[in-house]
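Colleague: I have a model open in front of me, and I would like to learn how to read it. Could you walk me through some of its features?

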Amino acid sequence: MTGRVPAAAPGAAGPAPGAAVEVRGLSLCCGPVRAIAVEPDVVLLDEPASALDPVSTPAIEALMLELTARHAIVVATHDMQQAARVGDRTAFLTVAGAGEPGRLVEHDRTERILSAPSQPATEACVSGRFG
């Protein structure tokens, strides 16, 4: 099962085992631990290291890599270097303009997306000319 699962109220049972769990902002370092406590198949991490100092970021990335042994990890990030360090596969999504729906531009192995993207919009983003 995938999708967004709302946070449980204090004392509530929480999401069912196997449900996907989204952790926004990670609540710094405690988020991944709370996310895996319910035994999800998929863990969604939104900008997992965006508010962390450079010393803590490698610890979060190491934890993400460790979790891949038991969970599928999906990370939303604007940090291309982080994507290169922790991603096996990368998808580039964008919008045509404000208020427009998002769309998938391309997806492939992370190495290929970052070194030789097939779409001009992806190349513009990973080279720093856009986004």
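Colleague: Let me begin with one residue. Where is Glu 47 found?

Modeller: Glu 47 sits in the loop between β2 and α2. Bear in mind as we go that this is a predicted model.

Colleague: Is Glu 47 buried or exposed?

Modeller: The idea is to look at relative accessible area, where under 20% means buried. Glu 47 has 19% relative accessibility, so it counts as buried.

Colleague: And which residues does Glu 47 touch, if I leave out those up to four places away in sequence?

Modeller: Leaving those out, Glu 47 touches Ala 76, Thr 77 and His 78. With His 78 there is also a polar contact, side chain to side chain, at 2.4 Å.

Colleague: Can I read another loop residue in this way? Where is His 71 found?

Modeller: Try the loop between α2 and β3, which is where His 71 lies. His 71 has 11% relative accessibility and therefore counts as buried. Its side chain reaches the backbone oxygen of Pro 40 at 2.7 Å. Setting aside neighbours within four places in sequence, His 71 is in contact with Ile 36, Pro 40, Asp 41 and Val 43.

Colleague: You keep naming helices and strands. How many helices and strands does the protein chain have?

Modeller: There are five helices and five strands in the protein chain. Following the sequence, you meet them in the pattern β-α-β-α-β-α-β-β-α-α. The chain has 131 residues, and buried residues make up 32% of them. You can also ask how contacts span the sequence: of those between residues at least 6 apart, 32% join residues at least 24 apart.

Colleague: Now for the empty space. How do I find a pocket?

Modeller: Rolling a probe the size of a water molecule over the atoms shows where empty space is left. Here the largest pocket has a volume of about 1000 Å³.

Colleague: Which residues are closest to the centre of the largest pocket?

Modeller: The lining is made of 38 residues, and Val 75, Ala 76, Thr 77, Thr 90 and Ala 91 are the closest to the centre. Several elements give two or more residues to this lining, including β1 (21–24), β2 (42–46), α2 (57–67) and β3 (72–76). The largest share, six residues, comes from β4.

Colleague: What classes of residue make up the lining of the largest pocket?

Modeller: Sorted by class, the lining has 20 nonpolar, 11 polar and seven charged residues.

Colleague: Thr 90 was in your list of residues closest to the centre. What is around Thr 90?

Modeller: Start with its place: Thr 90 belongs to strand β4. Its relative accessibility is 16%, so Thr 90 counts as buried. Apart from neighbours within four places in sequence, Thr 90 is in contact with Glu 106, His 107, Asp 108, Arg 109, Thr 110 and Ile 113. One of these partners, Thr 110, is joined to Thr 90 by a polar contact of 2.7 Å between the side chains. You can also compare sequence and space: Thr 90 and Arg 109 are 19 residues apart along the chain, and their C-alpha atoms are separated by 6.1 Å.

Colleague: What about charged pairs? How many salt bridges does the structure hold?

Modeller: It holds five salt bridges. In one of them, Arg 85 pairs with Glu 61, and the closest N and O atoms are 2.7 Å apart. Arg 85 is in helix α3 and Glu 61 in helix α2, so this pair ties together parts that are 24 residues apart in sequence. The two partners can be read by accessibility as well: Arg 85 is partly exposed at 46%, whereas Glu 61 is buried at 6%.

Colleague: Could you show me one more pair?

Modeller: Look at Glu 123 and Arg 129, whose salt bridge has its closest N and O atoms 2.5 Å apart. Glu 123 is partly exposed, with a relative accessible area of 29%, and Arg 129 counts as exposed at 59%. Elsewhere, salt bridges with shared partners join Glu 106, Asp 108, Arg 109 and Arg 112 into one network. Within that group, Asp 108 and Arg 109 form a salt bridge with their closest N and O atoms 3.8 Å apart.

Definitions and conventions. Residues are numbered from 1 along each chain as its sequence is written. This is a predicted model: local features need pLDDT of at least 70, side-chain atom pairs count only at pLDDT 80 or more; totals for chains, interfaces and linings use all residues. Side-chain values use heavy atoms; hydrogens and water are left out. On a 1 Å grid over the protein atoms alone, a cavity is a set of points where a 1.4 Å probe fits but cannot get out, and a pocket is an open set with protein on both sides within 12 Å along at least five of seven lines; lining residues have an atom within 4 Å of a point. Grid points are joined across faces, edges and corners, and a volume is the space filled by probe spheres set on the points. Helices (H or I, at least four residues) and strands (E, at least two) are DSSP runs, numbered from the N terminus. Ala, Val, Leu, Ile, Met, Phe, Trp, Tyr, Cys and Pro count as nonpolar, Asp, Glu, Lys and Arg as charged, and the others, Gly among them, as polar. Buried means under 20% relative accessible area, exposed over 50%, partly exposed in between (1.4 Å probe, protein chains only). Contact means heavy atoms within 4.5 Å. A polar contact is a pair of N or O atoms within 3.5 Å; within protein, one must be able to donate a hydrogen and the other to accept it, and residues adjacent in sequence count only if both atoms are side-chain atoms. A salt bridge is a side-chain nitrogen of Lys or Arg within 4 Å of a carboxyl oxygen of Asp or Glu.
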